[in-house]
Amino acid sequence: MPLNIAQLISYKIPPRVIDIWREQGLTELLPLQESALIETNYLRGSNLVVFAPTSSGKTFIGESVSVRVLFEQRRVIYLVPTKALAEEKFREMSALFVPLGFRVVIATSERPEADELVAQGKFDLLVAVYEKMKSYLVAHPQILAQVGLIITDELQMLGDQSRGDVVDIVLSKIRQSPYNPQIIGLSATLGDAQYIAEWLDAELLNFHKRPVELREGVYNLEDGVFYYRCFNSGEEGEEPLTSPFKTALAVNSQPLYREALQYLTRKLAEDKGEQVLIFVPTKTMSRQWALELAQQSSLPEAQQVLSELSLYEESYSRDALLSTLKHSIAFHNADLSWDLRELIEDAYDSGLIKVLFSTTTLGQGVNLTGRNVINVHQMIVADEWSGEFGFVPLTRQRFRNQGGRSARFARTTDFGRSILIGANRAEVERLLNYYIYGELESTSPPLENKALEKYVVDLVATGAFSTQEKIKDFFFSTYTGTRHWQEKSKRTKVETKIEKAIRQCIDSELIRKNEENEYSPSGIGEVVAIKGIQPLTALRFKKWVEEIIDKNLQPDVLEVLLIVSFTPDAGEFPLFCSYRERRANVYPAEIKRYLLERGRMRESLERLIAPGSGLSVTDIVAMKKTLLLTDWVSSEHSTPEIEKKYQVLTGTIRHLGMHYNWLVQSLAQISSALHASEQITRFLNHLAERLSCGVDEAGVALARLRVSGLSRTYIFNLVREGFDSPEAIANIKDIETLKRLMPSKVAEELITTAKSVVFGKKEGKFAQQKIYTGRGRSIPSTKTKKIPKRKKSTPKPKEQESPLLIIDHKEPGIVWFYGKRLSLTPLPYRLLVLLAEKAERGATYTEIDEYVWTDTKVERQQISAHKSALIKAFARVIGQKRAKKLIETRSGFGLILQLPASRIEIRK
């Protein structure tokens, strides 16, 4: 019998926490959660590595141990690999811990407000991406002094060749710190779980069961059959999915493979009515394949999503989505802006989108699911030797991660499918042997082939590694060092490499050595360590700043961007440049003309744009980035114009802007270290801020409001009309003035936010700390006293005698709630129908079992999960606080819908 959460009191979990879990729908523990409690000592302070399938309940392990640590007055840090996952975990942790009075803060490159809070120690639980944590361990190494727990999520990132080095360095520093915080590692796929657990001095919980069965296998085009093995039981089976498609010629050509994939997708989505999530290697494929499928599909339009999408800034991606969503099909990739990504995620999560094509932007832990995941068995990676991107076979680990998005707990009770496509029986057998029966790949040593100079600077800047021996000891204590550098001959080679890196850092004046052979960072070395830039980037910045100071020049936007674009760090951001663009020689000519017209051409700049040895492709791409971002921070060019001119989509432009935001901030810090004038440093910091949001100087004040949907186009419109500050917005008498410049929803949120900010400034003592949750929402810190309540952007609906809830059986899955149309997935919808029919009296757990799951006995926690899904849907209309009160859980009985029967209409 599952363990009831009330029994957690014996583990010193406070009753108030248990009450919140109950309110969120958690009443009983899943098998993984029980195993962690019973088989490990994680609630008694032991380190733990959890290797368990997606949706098995790993997050609860992090939550429960966080409760213990926080109530002991120590802090918690929750580390994740991506900004999207950070936002998701931040919302989850805020929902649990903010009501308990704890301060929850999120730290990503797009959340700079966290830096000051972290520096001042004004947090209880910090959700941070690994790169931010690496920076904090240099700038504020004392951060660990009050930390009792480190949760490291998606631990398989340790083996990622592009970012695993950061994970290795961060975890190694934490392990070597004198504060000895508890470490909890969570991973869905991990090839070397035992070795990693030993490295972290942790217990290992290797759990191999999913709450919902997953069929992993290969669909054979020749006979239309899906050959699979069940993840939990290991049973093998065959499931006819379609009639035969084509002969063995099918998958060897991409057009034919694409045709086959679309054929299977249509059968699953249209004939079976099931959601499908398709992982493809590239952004272009995700967009193009979605457009092609929409032309063939008979799926109905996603009307609710289309209505909301029309409010977003015009762009190529938005227009493409408007086309695909006419058939409930969408795509998700890095070319989409963050607000568009969240819209697509929410719509797919609620069942409004039936087919979603995605790159790996959804493969890293974000909680979206469908009955089916189709995996294209190729992926794009950068070659370690040349750095060029190319197609390689999908890894087993990536296949497991992507397939784990299928049939997550509380979305379905029987099974999901993770599908590969094979042309014939021979290919089916080959794919089965490799992906289904093969062992996961070993975790690659992330520091193995990396230059060590920037890590040396990082260690010295921390202050704890001031000698050559300490630096060497650290490198050999990393995961890479303990797992791959212990053999004597290998160790000797690595020691030589470390010594060479130290000498180069000294020669480059990034670190200094005193008479006692102890190292300390230079001013520029501190910037390299804190900002994480490459030493060569820092040296090029240094040279430019010294020239500006020597010649008494003022910086210029294009010139700054040009200098940044020719650094190694800028070069790591890939940007496509066609053969036609390279041959036309437009970018060098435009930059040269700009510099000559403004009298800014100098020998150092001329060597960049017209080197005597000729321009390389890398040089031309650098100049394309320079001009693109110069237009991006100018009000003279609309977003669609920039997309068309440079053939780059908005999402990529925004990501490029954020990348340069980081680099220009680094340049500003180096200019400060070299004693450049305050005017220069201020200009650079201001430019960095503009790059992150794509506005000119006049638009910065409005961009700082961080209003969801307030695009650069709307900001330009406001500035043009004279509304260039929060004060100007707050003093608008008629909101219709704003609604003429932007959608009503954005205008209402803008004026509410502006008034909140302005009134806060006027009151002085009411300067409210906000914890941002994304999409314009915020949670006021419960630690701040005497804070006026902020008006909610969603007004409370007026309760009239007309029905508050309308259910029409002719439209299954659609309900009308307070006059708003809501779309629900099948099981939450059936639960709501039953509760509506049993209004005021309530439905027992037995009745719910029999009505919602007609032929399956389910766990009590699954009922609670569907209750949570209904509350989430209601909250979109009436807010979270009121929504939570609508469905009451009565212990030992069941659920009661807290609406009068007279206000519910059920149409047969």
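**Group meeting: the core and helix α19**

The largest nonpolar core here has 78 residues, and those with the most contacts inside it are Val456, Ile471, Phe475, Val564 and Leu628. By nonpolar core I mean buried Ala, Val, Leu, Ile, Met, Phe, Trp, Tyr and Cys residues joined through side-chain atoms within 4.5 Å. Buried is under 20% relative accessible area, exposed over 50%, and partly exposed in between, with a 1.4 Å probe and protein chains only.

This is a predicted model: local features need pLDDT of at least 70, side-chain atom pairs count only at pLDDT 80 or more, and totals for chains, interfaces and linings use all residues. Residues are numbered from 1 along each chain as its sequence is written, and side-chain values use heavy atoms, with hydrogens and water left out.

Take Leu628. Leaving aside neighbours within four places in sequence, Leu628 is in contact (heavy atoms within 4.5 Å) with Leu575, Ile642, Tyr646, Val648, Ile653 and Leu656.

Now helix α19, residues 488-507. Helices are DSSP runs of H or I, at least four residues, and strands are runs of E, at least two, numbered from the N terminus. Which residues of α19 are buried? They are Val494, Ile498, Ala501, Ile502 and Cys505. These cover an arc of only 100° around the axis, taken from the directions from the helix axis to the C-beta atoms, so they sit on the same side of α19. On the other side, Lys488, Lys493 and Asp507 are exposed.

The buried residues of α19 pack against helices α16 (453-462) and α17 (468-477), and against strands β18 (511-513) and β19 (519-521). Just after α19, Glu509 has a positive phi of about 60°.

Definitions and conventions: Expected span 1.5 Å × (residues − 1).
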